[in-house]
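Student: Could you take a close look with me at the charged side chains that pair up, and at what lies around them? I'd like one connected tour, please.

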Amino acid sequence: IYRFKENYEKSLEYLGKAKQINNDDINIILLESNVRWEMGDVDMYQKLISRALEIEPDNVDLIFNLGVINADKGEFEKALGFYNKAIEMNPEYTKAYLNAAALILDKEGPMVEQMNFLMEKGKWNSYDKLKLERDDLYRSAIPFLEKVIALDNKSYSAAKTLRNIYSQLDNEELYEKYKLIV
């Protein structure tokens, strides 16, 4: 009740009392992690999720959440590692595929800005080199997105992203394929 009223201090007080009764209760740990998240205490949230994983090491949602946390903290490799682990644990976990693709594609923005700058300055060799890097970035996201479509052929966001990627890669056939889904 205190959590929903956003009285986090009272929430933590009662969670502390509950932990005195059973410190290993996964529900108490997860409730506290949610309170900590809502308070913006990301580090404590991460510690609590890690603690919950000690109790339930096969909980794919907790693994996925660690990916989200690390992505938010800018820890690209760690986040991707957690998403891949979630996929390994549950090959039908579409959220992990989507987040892995989004994490990869987050690197696109700065590349495009730099490409625009290089184009304005007429530095075509540098532009072409960066375009190849961007194309490789796109190619590394494709398997994740195609897996989402294979699992959920109505995934609008995955299809739209694939359509845009294939447009940038000048692959008209695959662009048209995903254009039909969107």
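**Salt bridges and their surroundings**

Tutor: Let's begin with Arg51, which counts as partly exposed because its relative accessibility is 26%. The scale used here calls a residue buried under 20% relative accessible area, exposed over 50%, and partly exposed in between, with a 1.4 Å probe and protein chains only. Please keep in mind that this is a predicted model, in which local features need pLDDT of at least 70 and side-chain atom pairs count only at pLDDT 80 or more, while totals for chains, interfaces and linings use all residues. Residues are numbered from 1 along each chain as its sequence is written, and side-chain values use heavy atoms, leaving out hydrogens and water.

Arg51 has a partner: its side chain meets that of Glu54 in a salt bridge, 3.3 Å from N to O. The term salt bridge stands for a side-chain nitrogen of Lys or Arg within 4 Å of a carboxyl oxygen of Asp or Glu. The two residues are three apart in helix α3, so about one helical turn separates them. Helices here are DSSP runs (H or I, at least four residues), numbered from the N terminus. Glu54 is exposed, because its relative accessible area is 59%.

In total, the structure holds 11 salt bridges. Another one joins Arg36 to Glu32, with the closest N and O atoms 3.2 Å apart. Both of these residues sit in helix α2, four residues apart, or about one turn of the helix. Here the surroundings are buried: Arg36 counts as buried because its relative accessibility is 17%, and Glu32 is buried too, with a relative accessible area of 4%. This pair belongs to a network of salt bridges that links Lys19, Glu32, Arg36 and Asp41.

A third example is the salt bridge between Asp135 and Arg134, at 3.6 Å from N to O. Asp135 is buried at a relative accessible area of 6%, and Arg134 counts as buried at 7% relative accessibility.

Now go back to Glu32 and look at a neighbour. Leu15, in helix α1 (residues 8-21), is 17 residues from Glu32 in sequence, yet their C-alpha atoms are 6.7 Å apart in space. Leaving aside residues up to four places away in sequence, Leu15 touches Ile28, Leu31, Glu32 and Val35; touching means heavy atoms within 4.5 Å. Leu15 counts as buried because its relative accessibility is 7%.

What about the nonpolar side chains? In soluble globular proteins, nonpolar side chains tend to be buried together. A nonpolar core is a set of buried Ala, Val, Leu, Ile, Met, Phe, Trp, Tyr and Cys residues joined through side-chain atoms within 4.5 Å. The largest such core has 47 residues, of which Ala86, Phe144, Leu145, Leu162 and Ile165 touch the most other members. The elements giving it two or more residues are α2 (26-39), α3 (42-55), α4, α5, α6, α7, α8 and α9, and α8 supplies the largest share, 10 residues. There is also a second, separate core of five residues, among them Tyr8, Leu12, Leu15 and Val35. That brings us back to Leu15, which also touches Glu32 of the salt-bridge pair.
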